[in-house]
Amino acid sequence: MKRIRMVMKYCWNIALLVIMVCVKALAQTAHKDVRIVDMYCDLMANADYQSADGYVLVSDKDAVIQGNQYATVLNSKPAFSWSIAAYGGNFRQTAYQILVADNAEQLNQSIGNIWDSGKVKSSQSAGIRFGGENLSPNKTFFWKIKIWCEDKDEPIDGRMATFRTGDLAEGYQTSRYPLQRSDETPTRLQSLSENNYLLDFDKAAFGQLRLTLHSDLHDTVTVHLGEKLNAAGRVDAKPGGTIRYQKHELAIRPGRHTYELQFPKDKRNTGPTAILMPAYIGEVLPFRYVELEGYQGELAKENLVRSAVHYPFNDEAAHFSSSNDTLNQIWELCKYSVKATTFAGVYVDGDRERIPYEADAYINQLCHYAVDNEYTLARYSHEYLIRHATWPTEWILQSVLMAYNDYLYTGDLRSAAHYYDDLKAKTLTSLEESNGLISTRTGKQNRELMQAIHFNGDSIRDIVDWPHSGILGLGDQDAGETDGFVFTDFNAVVNAYYYKALVEMGELAEALGKTDDSRAYRERAEKVYQAFQKFFFNKSGKYFTDGIGTDHASLHTNMFALAFNLVPEKYRQSVMDFVQSRGLACSVYGSQFLMDAIYMGENGDYGLSLLTSTAERSWYNMIREGSTITMEAWGNKFKPNQDWNHVWGAVPANIIPRKLMGIEPTSPAWETFRIKPQIGNLSSAKIKVPTIKGAVVANYEQHKQFFKMHVEIPANTQADIYVPTGRTKGKVTLLVNEQKQQVNSHAGWAKLIHIGSGKYDIELRH
């Protein structure tokens, strides 16, 4: 018996040893399936970026070459963020360690001689501030991340990355990239007649042109560049509005030579308030077509190179496709528009003025977040506008909205903290009257306010939408884009913005630990909410009117009320009905808030019908009229002086991922987010949405008998997933990774809450 026990004990010890080896092997395998992917230093995913005259260098990036352009960290205490690729389910980081060194050798030995955070028990992976002594300026540093998961003893080691500091100043500055050039050749070459050629680059871009031409003698070639073709299929020399065209007489020499056109400066878009092109780039022109007139040599596509200028952009960060080809074309138009219009290194309003405006920047910000995991350009543009405000009341308030979006998408509070007092002024609480509403007409505007909001003018005024009738080429009988809005002393649209700004300023104040301010902003917001119902709601019509003293109700008042959550639940349907009755009676700028309102009202069918419309007022009309970058208006007739490169027309770039596909952050840095598809009658749709935590992937397929979802949730996040159930009430059965789950269906949705990272196949059968 004793011998038997000894044998059993021996076998048990062997079994334990085998189990331990297997567990260790599984842990090591699990670790192999986890890796740190994107590493952001001061929100730059490529902080070692280096270029010469705009062309990215592939040489030793640690070498400092005089005259090159660098992505430079401008803060002595930068912030670090990272994303994690984890192929197992429900992965969550439990601790991290950040190491910073001034030499690669020590960092390779896991020695952070500049800063070692130590092991910090936290799942946080965004906006973690450097905790060492202030960094030195104009120096290269090396850093890496270690992370732990599920209390494992062994950390997961990240790769080594580098960053370079620039000239450091007191306080906070937004670090950013230099501008980049991308050389492109035409996609089409057409002979128009003898010695006449048309070349098409497929899409317009802001850039410059190099020509490699051969001649047997001294000669002159006429070069036409433009965004538009005329009816004869040639570059349109009189395109109208601010659509671009230039003509150049190019003297060519005998032999084969390369020539670069020099574009003259435009007086308007290089004025004192415009954003100027940096010297290392030079002047640019938006063009798609080139026509060579009088060229007698042989010509190939490769003889013409367009050097397109843009902010560094990851074309692979986002994608979308669906069963509707029109919608796919509109997505591609809008996504490309975001990239193409970054040519100035700041969000601007198109080529006519090249001036930043808050309204353009707000839409641009949301669109940029949706198509690239890049945050510095949005932040820098927002901060520029804090210091260079424009005249519309609503657009002053948008600075607060942009600051909140910045925090929501990045989790980095440094900008909001630095500009906190400016943002407080931008809420315009000094214009509030005893009724709880603000007005620009009651005598409260003064020089002190203008200075506080950084507006270089005497007063601000309400805009609602743009353009108004009778201006910018519109006749007095032309309606403009305000749906007949009646301006009064107390404007409902302005006060909808005021409410939204107060709510989001309260959130920022809370995050910054300013609890008294947060409480005060929330109390003000509640007062505005009650006043909005009291003074603007028409009880008989069950919609909102434009202001105190008028019975007129516009699309704008009601869409902003819906978009900004000012409509009580019991009246949402009646307000939605009113909004739908007005159609697209707003500008491309106003469409941002119209589409937000429609999806807030859960009217996905109507939303899809507008997104895919082919009427004159539609995004498709921009394609039909010939533009490859979104326009400033629905078409040339709606704004006769418009340009063809205005990103505030790119609204679907953010509406498709945020609303139609339903993927939106619900807490800072995508710690939690929502997946709530409203795809209308699409039979299928799939998307990849970039976030600071990694990409969210969603594929939807629907039929009368089922709704299927495949979703991929990044590590360190949780999602609430809404499955559309239609009219089904009570318990519904879902298949989640082939496992049956019974979930309550309420108001057309079955909700799966707090779903951790991983890949999920979800199916609802009707």
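How do the residues lining the second largest cavity divide into nonpolar, polar and charged? In this predicted model, the split comes out at 6 nonpolar, 2 polar and 2 charged. The cavity in question holds about 80 Å³ of space, and it belongs to a set of 5 cavities of 30 Å³ or more.

As for who does the lining, the residues are Ser182, Glu184, Ala205, Phe206, Ala308, Val309, His310, Tyr336, Lys339 and Ala340. Four elements each give two or more residues to this lining: the strands S14 (180-184), S16 (196-215) and S21 (304-310), along with helix H3 (325-340). Glu184 and Lys339 are part of the lining, and Glu and Lys both count as charged, so these two make up the charged share.

Further along the chain sits helix H14, which spans residues 591-600 and is mostly covered, with 9 of its 10 residues buried. The buried set takes in Ser591, Gln592, Phe593, Leu594, Met595, Asp596, Ala597, Ile598 and Tyr599. Just after H14, the backbone does something worth a look: Glu602 takes a positive phi of about 55 degrees.

How far can the model be trusted, going by the predictor's own confidence? The mean pLDDT of the protein chain is 93, and 95% of its residues reach 70 or more. Residues 1-31 are another story, with pLDDT below 50 over the stretch. Beyond near neighbours in sequence, residues 1-31 have 6 contacts in the model.

Notes. Residues are numbered from 1 along each chain as its sequence is written. This is a predicted model: local features need pLDDT of at least 70, side-chain atom pairs count only at pLDDT 80 or more; totals for chains, interfaces and linings use all residues. Side-chain values use heavy atoms; hydrogens and water are left out. Buried means under 20% relative accessible area, exposed over 50%, partly exposed in between (1.4 Å probe, protein chains only). On a 1 Å grid over the protein atoms alone, a cavity is a set of points where a 1.4 Å probe fits but cannot get out, and a pocket is an open set with protein on both sides within 12 Å along at least five of seven lines; lining residues have an atom within 4 Å of a point. Grid points are joined across faces, edges and corners, and a volume is the space filled by probe spheres set on the points. pLDDT is the predictor's confidence in each residue, from 0 to 100. Contact means heavy atoms within 4.5 Å.
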